[in-house]
Amino acid sequence: MGRYRVEGGYPIAGEMETKGSKNGVLPILAAVLLTESEVILHHCPLISDFFLTLEILKSLGCRIKRDGRTVIIDASFADKSSIENEIVQKMRSSIIFMGALLGKYGEACVGYPGGCEIGVRPIDLHLKAFREMGVTIRDEKGFIYCTSKSINGVKINLDYPSVGATENILLLASKAKGQTIVYNAACEPEIVQLAEFLNACGAKITGAGTECIVIDGVQRMHGTEFTIFPDRIEAGTLLCAAAITGGEIHLKKVKPDDMRQTLLRLDEVGCKMIEGQNEIYLKAPRVLRPVDIIYTGPYPNFPTDMQPQMMSVLTLARGTSIISETVFEARFKHIAELCRLGADIHVEGQTAVIKGVKKLQGCHVIGRDLRGTAALILAGLSAEGETVVENSQYVERGYEEFEKTLTALGAKIRLEKSGDRYNEKEDTFTTR
Ligand code: EPZ
């Protein structure tokens, strides 16, 4: 693990290409298990979650070659249907393999994913849908054992438009007998991307991106060559970096339509933006304006994954803003740290009231989750003096060489590796 040392006061300026989407590539890597010939993926993000997921595929018997951001995977050699528990504990999103393993073998064994820094993260909607499709589920000693004699297409009505549950259903339904219809499905761009990949491998999916998705199961699926979409959250984070430092940025390899709510809110705080087909130019205002209220919510609402970063921007707006976090119950851990930097934020339950201040003062802060730690770095870019942000491992999960990207855009930031260990449960550090 390590810490970021940020010297504030240097406006973000320049041009950057967005990397491949973390939340797009992970379900696609699981989907590769359903194919019987080589898959080539381009524009993969070189982040720790990507490498951990490749480790899972290797542990299942897949053959993998990688050249930079292109990875070639042959799942026809895969012969295992269970995932080692220590990997699941390292990365809870490995639960996405359940649907793929069931689709491939008719059985799966995955360790129960723990909660994480932003909430309990239950998987009841995943398991309920699997049972409706004919899967028998037993959980024992922290493992989930799934078996099924035959997977049948059914009508599924999700109690909540869960991204992961929708993805797991798409993976399993692609190889089910008959037709599956998912109502109240998640509409995120990552769902569209997964469906595009699966269809390129021979699946029959329509309606992805809407609340109603129809999947006609197929017997076999083949490989394909596919380019991962840009990461809309990395792009939004870099736009916020320019906004909070009074800078300007020209982002390439982005899909503005996938970031509409983020762009509308950046416009509301006073940023001037010009959009192209796959690019966005943003110039920050001299003085940031507040917003009345932002509710995070399922797509196309304002993304919860942009909540901490937008909050950092609003700490310097001339007026009071409100953010209500409706998706995750513990996604405000960056607020105490922002207040240490001089922000004026008051929390009532799931609602934060942000009173803009003139300046932030650099100091030592602790990151406690992926997007919250990125938000602290953004605040440090603008704060007076030096800000030290602990727990770089969170950022390294979801942003490829974040400090190099920001340095290339004019920031003064460096990553300092340290032998310290951080105990999440006790929120303590031990220096080795
Ligand atoms: C995905 O998580 C993303 N992760 C998250 O990004 C993102 O914040 C989230 O979708 C919402 O957009 C990946 O794609 C790897 P959900 P996921 O299932 O699938 C409740 C980041 O920072 N729920 O849509 O876990 C759940 O508790 C990460 O990149 C159930 O109650 O999100 C939460 O309140 C963080 N039961 C809400 O639904 C279930 O079975 C949304 O969860 C599943 C979910």
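Sorted by class, the shell around the ligand comes out at nine nonpolar, six polar and seven charged residues. The model behind these values is a predicted one. In it, 22 residues surround the ligand, and the closest are Asp124, Leu125, Ser162, Asp305 and Val327.

As for where the shell comes from, four helices each supply at least two of its residues: helix H1 (22-31), helix H5 (124-132), H6 and helix H12 (370-382). H5 gives the most, with three residues.

Next come the polar contacts. The side chain of aspartate 305 has an N or O atom 2.5 Å from an oxygen atom of the ligand. For serine 162, a polar side-chain atom sits 2.7 Å from a ligand oxygen, and for arginine 331 the distance from a polar side-chain atom to an oxygen atom of the ligand is 3.1 Å. Taken alone, the ligand would expose 820 Å², and the protein buries 85% of that.

H6, one of the helices that feed the shell, also pairs up with another helix. The axes of helix H4 (residues 97-105) and helix H6 (residues 163-173) come within 8 Å and cross at roughly 10°. Angles under 35 degrees count as roughly parallel, so H4 is roughly parallel to H6. On the H4 side, the residues in contact are Met98, Gly99, Ala100, Leu102 and Gly103, and they meet Asn168, Leu171 and Leu172 in H6. By class, this contact of H4 with H6 has five nonpolar and three polar residues, with no charged ones. The shell around the ligand, for its part, has seven charged residues.

Two spots in the backbone also deserve a mention, and each is in a loop. One is the peptide bond that joins tyrosine 299 and proline 300: this bond is cis, with omega at about 15°. Proline 300 is placed in the loop between strand S17 (293-295) and helix H10 (307-314). The other spot is arginine 121, where phi is near 55°, a positive value in a residue other than glycine. Arginine 121 belongs to the loop between strand S6 (107-111) and H5, and H5 is the helix that gives the most to the shell around the ligand.

Notes:
Residues numbered from 1 in each chain as written. Predicted model: local features only at pLDDT ≥ 70, side-chain atom pairs only at ≥ 80, totals over all residues. Heavy atoms only, no water. Axes fitted to C-alpha atoms, helices over the stretch in contact; angles between N-to-C directions. Parallel < 35°, antiparallel > 145°, perpendicular 65-115°, else oblique. Contact = heavy atoms within 4.5 Å. Nonpolar A, V, L, I, M, F, W, Y, C, P; charged D, E, K, R; others polar. Near = heavy atom within 4 Å. Polar contact = N/O pair within 3.5 Å; in protein donor to acceptor, adjacent residues only side chain to side chain. Areas by Shrake-Rupley, 256 points an atom, 1.4 Å probe, with all protein chains shown as cover.
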